[in-house]
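Thank you all for making the time this morning. I would like to walk through one model with you, starting from its ligands and working outwards to the chain as a whole.

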Amino acid sequence: MKKALTIAGSDSGGGAGIQADLKTFQELEVFGMSAITAVTAQNTLGVQGIYPMTPQAVENQIQSIGHDMGTDAVKLGMLFNADIIRVAAEQIKHFHWKNVILDPVMIAKGGASLLQQEAVTALRQDLFPLTTVLTPNIPEAEILTGMTIRTSDDKKEAAKRLLDTGVKQVVIKGGHDEDPHKSTDLFYDGSHFRLIQTPRISTKNTHGTGCTFSAAITAEIAKGMPAYSAVVKAKDFIQAAIENSLDIGAGHGPTNHWAYKKKQEQYS
Ligand SMILES: Nc1ncnc2c1ncn2[C@@H]1O[C@H](COP(=O)(O)OP(=O)(O)O)[C@@H](O)[C@H]1O
Ligand SMILES: Cc1ncc(COP(=O)(O)O)c(N)n1
């Protein structure tokens with residue numbers, strides 16, 4: 001039995017953040033644990049409030065897990081400010097955790113900021129050198145590299161720049177690209193570029209896609225799968241979750257975390 005820890009924000013709406021991560025870990029049969037960085041009052045319409053935890057509270061949660069239970073992989077999501085980022089980095093080093101998946105969450109779908117602007121530098125300096133797989137969406141990759149990303153060549157250039165910061169592997173997610181037919185993610189490990197492409201699903205229910213995708217990568221890496229294979233499986237997981245997304249709430253509804261498992265059961 002493998003374990004995964006998510007260090008991220010709580011989404012009261014249940015579709016993104018800690019809630020999406022734990023649901024995904026459970027579906028992929030990995031024991032999920034959490035350290036909460038901030039509580040958000042959130043639903044499918046947007047973010048109504050953000051209540052960050054103190055850095056000490058985050059440190060204490062991580063230590064509780066590190067001193068007793070341990071983990072096979074760590075996922076980082078909404079970290080909100082530079083002090084929380086520093087604490088997370090220190091604890092990952094302290095416990096010598098090696099499988100680190102960083103989803104550099106910055107802005108919620110409705111536009112609310114989930115990371116203070118000055119924290120971007122801390123992310124690069126403190127966490128990138130510890131990161132096994134970085135999973136930015138296109139707007140996040142643009143902020144992290146300072147370049148505009150439109151074409152497939154732009155994605156490759158951005159991936160190269162991100163690897164220069166110490167990250168071992170990167171997936172630039174294609175949810176925000178302009179192709180109306182496909183959603184294409186680019187994986188880069190420093191030697192090969194690989195495209196992972198699926199038909200784009202026409203739906204407004206995409207709340208939590210990024211969280212769910214990176215949580216699935218984390219679960220598979222926790223089970224010992226190599227990074228690229230984990231990304232391919234996570235892409236299948238999120239595709240099923242979006243295809244069967246849930247019409248809950250009046251805005252961007254959540255994805256369906258049990259759809260992948262249900263599909264597997266149907267075919268077996
Ligand atoms: N409409 C869609 N159809 C198919 N796949 C999608 C769609 N939107 C996002 N994805 C996939 O979901 C994952 C998360 O991507 P993205 O939405 O860009 O992340 P974020 O939630 O961080 O903005 C990626 O694997 C991406 O290809
Ligand atoms: C607490 C929290 N963390 C992350 C996201 C990003 O969600 P998405 O996966 O849709 O980009 C969110 N809306 N809320």
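Let me begin with a question: how many residues surround ligand 2, and which are the closest? There are 18 residues around ligand 2, and the closest of them are G9, A16, G17, G210 and C211. Before going further I should say that this is a predicted model, so please hear everything that follows as a reading of predicted coordinates. As for where the shell around ligand 2 comes from, β1, spanning 3-11, β2, spanning 31-43, and α7, spanning 209-222, each contribute at least two residues. In terms of chemistry, the shell around ligand 2 is made up of 7 nonpolar, 9 polar and 2 charged residues.

Turning to ligand 1, we find 18 residues around it, with N137, K173, G175, S183 and G210 coming nearest. Two or more residues of the shell around ligand 1 are given by each of β8 (182-188), α7 and α8 (227-243), and the largest share, 4 residues, is that of α8. The shell around ligand 1 divides into 4 nonpolar, 10 polar and 4 charged residues. You will have noticed that G210 is named among the closest residues for ligand 2 and also among the nearest for ligand 1, and that α7 supplies at least two residues to the shell around ligand 2 and two or more to the shell around ligand 1.

Let me stay with G9 for a moment, since it is one of the closest residues to ligand 2. G9 sits in strand β1, and is it buried or exposed? G9 counts as buried, because 30 C-beta neighbours fall inside 10 Å. Setting aside residues up to four places away in sequence, G9 touches G17, I18, I36, T37, A38, T40, G77, M78, F80 and L114. G17, then, is a contact of G9 and is itself listed among the closest residues to ligand 2. The C-alpha atoms of G9 and L76 are separated by 9.4 Å, although these two residues are 67 apart along the chain.

In strand β2 I would point to A35, which counts as buried because it has 26 C-beta neighbours inside 10 Å. Beyond its neighbours within four places in sequence, A35 is in contact with L5, I7, V58, Q61, I62 and I65. For A35 and A108, which are 73 residues apart along the chain, the C-alpha separation is 20 Å.

A112 offers another environment to look at, as it lies in the loop between β5 and α4, the latter covering 119-127. A112 counts as partly exposed because it has 14 C-beta neighbours inside 10 Å, and, not counting residues up to four places away in sequence, it touches G46, V47 and I107. The C-alpha atoms of A112 and G49 are 9.5 Å apart, with these positions 63 residues apart along the chain.

Next, a point about the backbone. Most residues other than glycine have a negative phi. E29, however, has a positive phi of about 60° without being a glycine, and its place is in the loop between α1 (17-27) and β2. E29 counts as exposed because it has 11 C-beta neighbours inside 10 Å. H96, likewise not a glycine, has a positive phi of about 55°; it lies in the loop between α3 (82-94) and β5 (100-102), and it counts as exposed because only 7 C-beta neighbours fall inside 10 Å.

Stepping back to the whole protein chain, its secondary structure comes to 9 helices and 9 strands. Its radius of gyration is 17 Å, close to the 18 Å that the globule rule gives for 268 residues, so the chain is as compact as a globular protein of that length. Of those 268 residues, 51% count as buried, and among contacts between residues at least 6 apart in sequence, 68% join residues at least 24 apart.

As for annotation, an unreviewed UniProt entry lists residues 11-256 as "domain: Pyridoxamine kinase/Phosphomethylpyrimidine kinase". Over that range the chain is 40% helix and 20% strand, with the end C-alpha atoms 15 Å apart.

Finally, on confidence, the average pLDDT of the protein chain is 96, with 100% of the residues scoring at least 70, and the predictor gives the complex an ipTM of 0.98 and a pTM of 0.98.

Definitions and conventions
Residues numbered from 1 in each chain as written. Chains lettered and ligands numbered in written order. Predicted model: local features only at pLDDT ≥ 70, side-chain atom pairs only at ≥ 80, totals over all residues. Near = placed C-beta within 6 Å. Nonpolar A, V, L, I, M, F, W, Y, C, P; charged D, E, K, R; others polar. Rg over C-alpha atoms; globule rule 2.2 N^0.38 Å. Buried ≥ 20, exposed ≤ 12 C-beta atoms within 10 Å, placed from the backbone. Contact = placed C-beta atoms within 7 Å. UniProt positions renumbered as here; feature names shortened; annotations may be inferred. pLDDT = per-residue confidence, 0-100.
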